[in-house]
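Here is a quick tour of a model you might want to look over before putting any weight on it. Have the viewer open as you read.

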Amino acid sequence: MNNSTKATASNLVEVTNAFERIVHWLFAGSCIMLFVSGFGLMFHSLSSIAALFGGYYVLKYVHNISGLLFCASGLFAVLIWFKEGALLSGDDMKWIAAGGGYLGKAEGMPEPGR
């Protein structure tokens, strides 16, 4: 890669900020923890999951705290999506109808935004 093709801070587009990334990873991580701890609580034949966490008593608390994190981060995620305009607008419909410019060169394509 030569110097002319290297990305610099001036030509990068910020798609998400730090808060949005933190919300995303809290949402994803708590979802995975709910899945794993839920399986450990539901299927006692998978007692090795409970053993990893220190027993069923601890696993129940991990599951409950993960549920709270999942709800809180999910609420923040929905608020972020609607703040950015999660509802489709007229420009969005034009962009979708033109295939986003991927199916050919479309004239008068609206800006896709972030």
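## Two serines and a helix pair

Ser37 counts as buried because its relative accessibility is 0%, and the cut-off for that label is under 20%. This serine sits in helix H1. Setting aside neighbours within four places in sequence, Ser37 is in contact with Leu59 and His63.

Keep in mind that this is a predicted model. The mean pLDDT over the protein is 82, with 75% of the residues scoring at least 70. Which element has the highest mean pLDDT, and which the lowest? Helix H1, residues 18–42, comes out highest at 94, while helix H4, residues 90–97, is lowest at 72. As a rule of reading, predicted coordinates should not be taken in detail where pLDDT is low.

Now for the overall layout. The protein has four helices and zero strands, so to speak an α-α-α-α run from the N terminus on. Of its 114 residues, 15% count as buried. If you look at contacts between residues at least 6 apart in sequence, 52% of them join residues at least 24 apart.

How do H1 and H3 pack? Helix H3 covers residues 56–83, and the angle between H1 and H3 is about 145 degrees, with the axes 7 Å apart. Their crossing is left-handed. Sorted by class, the residues in the contact of H1 with H3 are 17 nonpolar, nine polar and three charged.

The second serine to click on is Ser66, which is found in helix H3. Is Ser66 buried or exposed? Ser66 counts as buried because its relative accessibility is 7%, again set against the limit of under 20%. A polar atom of the Ser66 side chain lies 2.8 Å from the backbone oxygen of Val62. Not counting residues up to four places away in sequence, Ser66 touches Ser30, Met33 and Leu34.

Here are the two serines side by side:

| Residue | Helix | Relative accessibility | Contacts beyond four places in sequence |
|---|---|---|---|
| Ser37 | H1 | 0% | Leu59, His63 |
| Ser66 | H3 | 7% | Ser30, Met33, Leu34 |

To recap, Ser37 belongs to H1 and Ser66 to H3, the two helices whose axes are 7 Å apart. Both serines carry the buried label, Ser37 at 0% and Ser66 at 7%.

Terms used
Residues are numbered from 1 along each chain as its sequence is written. This is a predicted model: local features need pLDDT of at least 70, side-chain atom pairs count only at pLDDT 80 or more; totals for chains, interfaces and linings use all residues. Side-chain values use heavy atoms; hydrogens and water are left out. pLDDT is the predictor's confidence in each residue, from 0 to 100. Axes are lines fitted to C-alpha atoms, for helices over the stretch in contact, and angles run from 0 to 180 degrees between N-to-C directions. A crossing is left-handed if the near helix is turned anticlockwise from the far one by less than a right angle, and right-handed if clockwise. Ala, Val, Leu, Ile, Met, Phe, Trp, Tyr, Cys and Pro count as nonpolar, Asp, Glu, Lys and Arg as charged, and the others, Gly among them, as polar. Buried means under 20% relative accessible area, exposed over 50%, partly exposed in between (1.4 Å probe, protein chains only). A polar contact is a pair of N or O atoms within 3.5 Å; within protein, one must be able to donate a hydrogen and the other to accept it, and residues adjacent in sequence count only if both atoms are side-chain atoms. Contact means heavy atoms within 4.5 Å.
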